[in-house]
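Take a look at the model below. We will start at a pocket and then visit two loops.

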Amino acid sequence: MEFDTQQEEKELAGINTELEQIQTSLEQDFVSYALENTTPEDEELFFDNREQFYKNLLNMQNTFFEEKIKSKEARAGELQESIQSKKTLGEIEQAKEEFFKANPDANIQEIMEFFLEDTTNKQKQELESLPPLEFFNKVYELFKQNKGQEDSKEEELPPKLEGVSGSIQDGGGDNNPLNRY
């Protein structure tokens, strides 16, 4: 995946410039737009029903804004989101590469599986708030600690006992709590 945002940044700059130009000439542009789109019926409303005339004028203004500004603002928002997303993903990839240079024996699949399955929600929130490189280092540190604890647990288990269990038919004598009283 490519994280280059130059093309999108150029398009965003162009849209922002265009929006600034539109906003500076908005009133004059709307007057021209209204003159072009006013019908003879609208002109009659000015004298017969002013309230309806002004409602039509406001509707025309809203249509004008939607045509001229809304689509450009929406596109600018999409571009900003895309640029930010690509930059963030690029930072994460760069941090991952630096992490692997420092820890070539690390297995990212195991580390991420540990992060997703073995950390608490609180730990996840704390880790996700860290910069990418610190995130990888801290998760790896926790992963190694957890792996070390699992290895020591396996070593500390008592030996498996061999023996014959008491038979249920024997009744267990006085050791059975139900027979004591």
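Which helix supplies the largest share of the lining of the largest pocket? The answer is H4, with four residues. Keep in mind that this is a predicted model.

H4 spans residues 50–102. It does not line the pocket alone. H4, H5, helix H6 (121–128) and helix H7 (132–156) each supply at least two residues of the lining. In total, 14 residues line the largest pocket. Nearest its centre lie Ile92, Met112, Pro132, Phe135 and Phe136. The space inside comes to about 230 Å³.

What is the chemical make-up of this lining, split into nonpolar, polar and charged residues? The lining of the largest pocket has 11 nonpolar residues and three charged ones. No polar residue takes part in the lining.

Now follow H4 to its end. Asn103 sits in the loop that links H4 (50–102) to helix H5 (108–118). Is Asn103 buried or exposed? Asn103 counts as buried, because its relative accessibility is 15% and the cut-off for buried is under 20%. Beyond its neighbours within four places in sequence, Asn103 is in contact with Asn137 and Tyr140. Residues 132–156 form H7.

The second loop is found between helix H1 (6–24) and helix H2 (26–37). Ser25 lies there. Ser25 has a relative accessible area of 25%, so this residue is partly exposed. Where does the side chain of Ser25 reach? The side chain of Ser25 reaches the backbone oxygen of Gln21, at 3.1 Å.

Methods:
Residues are numbered from 1 along each chain as its sequence is written. This is a predicted model: local features need pLDDT of at least 70, side-chain atom pairs count only at pLDDT 80 or more; totals for chains, interfaces and linings use all residues. Side-chain values use heavy atoms; hydrogens and water are left out. Buried means under 20% relative accessible area, exposed over 50%, partly exposed in between (1.4 Å probe, protein chains only). Contact means heavy atoms within 4.5 Å. On a 1 Å grid over the protein atoms alone, a cavity is a set of points where a 1.4 Å probe fits but cannot get out, and a pocket is an open set with protein on both sides within 12 Å along at least five of seven lines; lining residues have an atom within 4 Å of a point. Grid points are joined across faces, edges and corners, and a volume is the space filled by probe spheres set on the points. Ala, Val, Leu, Ile, Met, Phe, Trp, Tyr, Cys and Pro count as nonpolar, Asp, Glu, Lys and Arg as charged, and the others, Gly among them, as polar. A polar contact is a pair of N or O atoms within 3.5 Å; within protein, one must be able to donate a hydrogen and the other to accept it, and residues adjacent in sequence count only if both atoms are side-chain atoms.
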